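Subject: Structure handover

Dear colleague,

Here is the structure for your files. My notes on it follow below.

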Amino acid sequence: MPSITFYGGANEVTGSSFLVKGKKITVLVDCGLFQGEKFAHQKNYDPMPFACGEIDHVLVTHAHLDHTGRIPKICLEGFAGNIFATKPTQALMRYLWEDAIEIMEIEQKETGRPLLYTKQDASRAEQFFTAVNYGEKIMLSEDDYAIFHNAGHILGSAFIELVIDGKRLVFSGDIGNVKPALVKETEKLPANIDLLVCESTYGNRVHETGAQRKKIFTTEIKQVIKNKGTVVVPAFAVERTQEILHLLHELNEQGQIPAIPIFLDSPLAIKVTKVFKKFRDFFNDLHTDKPSHDLFNFPGLRLAETRDKSKQINHVQPPKMIIAGSGMMNGGRVLYHLEHYLSDPRSTVLVIGYQAAGTLGRRIVDGKKWIPLFNKSVRVRAKIKAIGGFSAHADQQKLTSWIKTAKHLRQICLVHGDAENIRQFANALSADKIPTVIPEYRETINV
């Protein structure tokens, strides 16, 4: 019988990494970066807790760093097999790794800590990429195989069906929200699943609807414009930024917000948006007949590719909006804008993504009045507004309804969530009487 050992994402949101051992093959599903207040958590620098050279294949659910950020590291430590991922995931991973290295280089200057891996190491890891299509049966041995299904989370995201030693395992990766703005809806689960390893990021809450989200977003922008302040949007470069740009395009077309300078201050997000335009066939039916340049562009949008252009933003008089990375506020250019605008009572920080425990973003969302930035404390006087409906993650209702699409599901493992979120989600699932396990870090479960 196959076994699964949980080397990340167990009672925590980052570091997803699940090692599956069968009779013939060993498979690693995701290999994510642990993230905290600093961009890269100290435990990323420890030797991998398994023999990388014994892994035959790596299956990647999607490109986010908390699922892919240690893949170059396992290649350094002996992995030389196949890294299976969809084409958009591969394209996005290249940019995300490149950006992660740049942030780690900044941290290296501040702390003296060595790099987790270099750009050359990341390039070497790309040599192991093998592209897959949704629905394609990928033979991993004579008898074992994997099928990638659309997860509806971000461009190219998948949940993975793995049949090994005759057992059917499904790894959710991250499941998308209801009616995603850009990508296609999450596919249904296959039948006869022996074990579902399911994310629980928002297993304890229900998001606003799309209409509510749009209304809140529009109201907040109008209020800041009235106050002659600045809207700061810490945004994940993949999916969230593109969704925000698309919504701003809509609001501009509909005349719902006045024209103000809107800065996209993220070289990574600018590159990622080009990837989105390249893979239009992954978009949902709402966008297939629209020119790609219309989806993410509108009057007033200014791209800040360089540091000089980023610095110039502060010289532009408000009202204005700044969309900058990183999404959890634990690195990137958004920190410089927070330094300027957190103490401004006329301004608003719109939080549109999950803030993991230990990150600067979590401190801000939790209402801390003083925030450490660049070796000093900054007083929080700006309004902090979180809008959960923008999340690319499913909420409790969506996750529950998705799980119910499976016929004959024998067991669930809940992962990728803060401990309390997972516990509440497990309680919500208890009515369905499907055995539910909450694995601990490095725990092994036999299927």
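Helix α12, residues 396-403, lies across β9 (158-164), β11 and β20, and runs at about 165 degrees to β11. A second helix, α13 (residues 419-429), packs on the sheet as well, where α13 touches β11, β20 and β21. The direction of α13 makes about 150 degrees with that of β20. Please keep in mind that this is a predicted model.

The sheet in question is open and has seven strands, in the order β7-β8-β9-β10-β11-β20-β21, with mixed pairing. Its edge strands are β7 (137-139) and β21 (436-437), each of which pairs on one side only. Within the sheet, β11 (residues 195-199) and β20 (residues 412-415) run parallel and are joined by four bridges. One of the pairs across them is L196 with I412, its bridge partner in β20.

There is also an open sheet of six strands. Its order is β14-β13-β15-β12-β16-β19, and the pairing is parallel. At the edges stand β14 (301-303) and β19 (383-386); each has a single partner strand, so one side of each is left without a neighbour in the sheet. On average, neighbouring strands here are turned by 20 degrees against each other, direction ignored.

In this six-stranded sheet, β12 (residues 230-234) is joined to β15 (residues 320-324) by five bridges, and the two strands run parallel. Opposite T230 stands K320 in β15. Helix α10 (residues 334-341) lies across β12 and β15, and also across β13 (262-265) and β16 (348-351). The angle between α10 and β12 is about 145 degrees.

Next, the cysteines. How many disulfides does the count come to? With a cut-off of 2.5 Å between cysteine sulfur atoms, the count comes to zero. C75 is in no disulfide: the nearest cysteine sulfur belongs to C52 and is 8.5 Å away. Is C75 buried or exposed? Its relative accessibility is 3%, so C75 counts as buried, the cut-off for buried being under 20%.

C413 is likewise in no disulfide, with the nearest cysteine sulfur, that of C198, 10 Å away. C413 is buried too, at a relative accessible area of 0%. C413 falls within the residue range of β20 (412-415), and C198 within that of β11 (195-199).

Regards

Terms used:
Residues numbered from 1 in each chain as written. Predicted model: local features only at pLDDT ≥ 70, side-chain atom pairs only at ≥ 80, totals over all residues. Heavy atoms only, no water. Pairing = 2+ DSSP bridges. Axes fitted to C-alpha atoms, helices over the stretch in contact; angles between N-to-C directions. Contact = heavy atoms within 4.5 Å. Buried < 20%, exposed > 50% of the residue type's maximum accessible area, 1.4 Å probe, protein only.
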